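Morning, everyone. Please bring the sequence and the fold up on your screens. I'll talk through strand pairing.

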Amino acid sequence: MSSFGFGTLTVALFALVCCSGSDEKAFEVHMRPEKLIVEPKESLKVNCSTTCDQPEVGGLETSLNKILLAEQAQWKHYLISNISHDTVLWCHFTCSGKQESMSSNVSVYQPPKQVFLTLQPTWVAVGKSFTIECRVPAVEPLDRLTLFLLRGNETLHSQTFGKAAPALQEATATFSSTAHREDGHHNFSCLAELNLTSRGGDVFQKHSAPKMLEIYEPVPDSQMVIIVIVVSVLLFLFVTSVLLCFIFSQHWRQRRTGTYGVRAAWRRLPQAFRP
């Protein structure tokens, strides 16, 4: 066989293989919505569909409770109820003996509903340290949570939490700072932000009630000594004046009582004994 004939045969075989493979139509499987996020115990509706004209079989696989609401040849509509934990849903269809599937993660979330702020101490001298603590109970998932410790509109500290943190625990952020005079003119607060945009959700925010610090100027030691001395002298003078007033009042009372007694005795004497 000539080289020309051999090459022609090779091209023909290659074209036959390609053409026979192209007869098998590829198909796709879709799930709507693609990103699923719910609060605990909630329900959601999921649609599984395919581009195959006449699928042999199809459905939704999950460990959760499901109800088939409606179906056609190329789609099935389900209700998933009582979702209490993160899980995975699988939509699958079989077309011409070939199966395709698509998975989607279901995320359970719980937004921050309570945010507590603590200032310790609440009455602090300029130059002394104080601590800001923010607590947020029962938030899920923690890896999407950020706590912002604020002074007015200024962020003093922010903290995020890793994926290893267990769910529904109390999230806490603390920050220590040095008191300044202007701190007494600002509100301190905490902002809890749960960002679920990467999972198809929204951004949930919750502020704590604002609190203020009582700032005072520390008194120097020398000034404190002067104050103690002045207070001691004033106290001594006060006590002395009280004692003197008491002594003089008693002396005056005795003098008046003595004079009145002689006059009364003189009046009681018989007229014969009077000169």
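What follows is a short tour of how some of the strands pair.

One caution before we go in. This is a predicted model.

Let's begin with strand 6. Strand 6 covers residues 75-83. Strand 3, residues 42-50, pairs with strand 6. The two run antiparallel, and 7 bridges join them. Want a residue to click on? Take E42. Opposite E42, in strand 6, stands I83.

Now strand 5, residues 65-72. Strand 5 also pairs with strand 6, in the antiparallel sense, over 7 bridges. Which residue of strand 6 is the bridge partner of K66? That is I80. And how many residues lie between strand 5 and strand 6 in their hairpin? There are 2.

So much for strand 6. Scroll along to the next sheet.

This sheet is open and has 3 strands. Their order is 9-11-14, and the pairing is antiparallel. Why does one side of strand 9 and of strand 14 have no neighbour in the sheet? Strand 9, residues 116-120, and strand 14, residues 171-178, are at the edges. Each has a single partner strand, so one side of each is left without a neighbour in the sheet. As for twist, neighbouring strands here are turned by 15 degrees against each other on average, direction ignored.

Last stop, strand 9 against strand 11. Strand 11 is residues 129-136. The two strands run antiparallel, joined by 5 bridges. For a residue to find on screen, try Q120: T131 in strand 11 stands opposite.

That's my part. Over to you.

Key:
Residues are numbered from 1 along each chain as its sequence is written. This is a predicted model: local features need pLDDT of at least 70, side-chain atom pairs count only at pLDDT 80 or more; totals for chains, interfaces and linings use all residues. Side-chain values use heavy atoms; hydrogens and water are left out. Two strands pair if DSSP finds at least two bridges between them. Helices (H or I, at least four residues) and strands (E, at least two) are DSSP runs, numbered from the N terminus. Axes are lines fitted to C-alpha atoms, for helices over the stretch in contact, and angles run from 0 to 180 degrees between N-to-C directions.
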